[in-house]
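Open the structure in your viewer and keep the selection panel at hand. The tour has two parts.

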Amino acid sequence: MKLSVIGCGYLGAVHAASMAELGHEVVGVDVDAAKIELLATGRTPFFEPGFEELLTTSLGSGRLRFGADLAEAAGCQIHFVCVGTPQKRGEYAADLQYVEAAIESLLGVLQPGELLVGKSTVPVGTAARLSELVVEKVPGAALAWNPEFLREGFAVQDTLHPDRLVYGIPQDETGAAAEALLDEVYAPIVAAGTPKVVTDYATAEMVKTAANSFLAMKISFINAMAELCEATGADVKQLADAIGYDDRIGRKFLNAGLGFGGGCLPKDIRAFMARAGELGADQALTFLREVDNINMRRRIRMVELAREVLDGSLLGKRVAVLGAAFKPESDDIRDSPALNVAAQLQLQGANVVLTDPAAIENCKRQWPQIDYADTAEEAAKGADAVLLLTEWKQFRELDPVAFGRVVRQKRVLDGRNALDRDKWEAAGWSYRALGRRHSS
Ligand code: UDX
């Protein structure tokens, strides 16, 4: 099939290359000419494991190309809208200007029989509104909403092997045709027996925000337990293991620590609350405000813990920070808890030296006043304390004995509960973590 993908960020670029991998002829379009230039020459504008290889094969097959002009999308049977829906400045609500601009421009090339497919995360009600516009301007064309659940760091795998497909389709005679087209696009995924939920627009839109809210709630739940553990001397890691054995609860997303960040969970729960307010159902989601509060408190607590460990003052102290990305295997620093803590420490007088395997260039643009190092050892030279804030594998596997030789003081704060505490303590480190008892 001939497909267009509008918006080539994490979602769109990976979707475009993955659809070419499935055998389709795909054009990826983005208004950012520099990004298009990179992608067209097989280089990735962001760090995503496995993506560069996929991009190279897809470009090499001749089935994938990129362009900066939306006219390139003309003649495609399906147009995927993958643009961002960031949080509005000064408000909780999602900013839909990019989605609206993309649909508006697509209406110029759309032909009867073609399908527009929204993949961006939008407030419930958006698809129904946009569908009216599409049908009015191009009778015979249709709109479907097909949310994407990819995780950064696993974007390729999640796109090619999703755990479910959700189609929000028109509830009239055009719905069946839309479903058939989507089945054709995703034929190998459907054939693999992937669960498929075919539903109305509102449900499809809500599946995405409900899923992200649930994940955020799980993380904040365990972080609330961490606060209690800190107050009582209990151990949140063992607590998570013990409750996680109950498969109604499950151990996934119960890692206590600095909490969630990134380009999705924080803004999605806020946009969901804002939309609930508009719908007169704000009470239903007031718990998400608490989820957000618990999450933000972890960052403050981490700074306080660092101050406590550094004998009550951050002033002039050399602090090595390991990790800046919002999670490992990503260079994304959007609302990163790690970078937030590093910046707070620096602003409160510490001399922070930050290292991250992938995110340093992004950090330098946002926080030029922080010092950066290429390796953990370099960052930790002469440090009064080491903070692990993003649990990259290379940090988890540090040898505490050798690492102990470069620092000034063997104090480690594990912001992700990711280090082997016994090993670090055996090597003479004082170990502190969120939600766990102190070293004896
Ligand atoms: C998320 C959803 O998982 C994905 O389905 C959706 O499509 C987009 O949003 P992503 O933003 O890539 O994906 O990150 P995710 O893996 O969900 O992690 C989010 C944040 O939660 C990270 O900052 C991570 O460090 C944190 N986290 C995750 C925890 O603090 N504890 C956990 O147990 C799990």
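**Around the ligand**

Select phenylalanine 149 and the ligand: a polar backbone atom of phenylalanine 149 sits 2.8 Å from an oxygen atom of the ligand. Keep in mind that this is a predicted model.

Go next to glycine 261. One of its polar backbone atoms is 3.1 Å from a ligand oxygen atom. Now add lysine 327. Here a polar side-chain atom lies 2.9 Å from an oxygen atom of the ligand. Turn on the surface. On its own the ligand has 670 Å² of accessible area, and the protein covers 92% of that.

Widen the selection to the 20 residues around the ligand. Phe149, Leu150, Glu152, Asn255 and Phe326 come nearest. Color the shell by residue class: 10 of its residues are nonpolar, four are polar and six are charged. Which helix gives the most to this shell? Select residues 201–232, helix H9, which contributes four residues.

**Along helix H4**

Leave the ligand and select residues 97–106, helix H4. Show the side chains of Val99, Ala102, Ile103 and Leu106, which are buried. Look down the axis of H4: these four span an arc of only 95°, so they lie on the same side of the helix. The spacing rule helps here. An α-helix has 3.6 residues a turn, so residues three or four places apart point the same way.

What do the buried residues of H4 pack against? Select three strands, S1 (2–6), S4 (78–81) and S5 (115–118). Then add helix H5 (126–137) and strand S6 (142–145), which the buried residues of H4 also pack against.

Methods
Residues numbered from 1 in each chain as written. Predicted model: local features only at pLDDT ≥ 70, side-chain atom pairs only at ≥ 80, totals over all residues. Heavy atoms only, no water. Near = heavy atom within 4 Å. Polar contact = N/O pair within 3.5 Å; in protein donor to acceptor, adjacent residues only side chain to side chain. Areas by Shrake-Rupley, 256 points an atom, 1.4 Å probe, with all protein chains shown as cover. Helix = DSSP H or I, 4+ residues; strand = E, 2+ residues; numbered from the N terminus. Nonpolar A, V, L, I, M, F, W, Y, C, P; charged D, E, K, R; others polar. Buried < 20%, exposed > 50% of the residue type's maximum accessible area, 1.4 Å probe, protein only. Arc of directions from axis to C-beta. Contact = heavy atoms within 4.5 Å.
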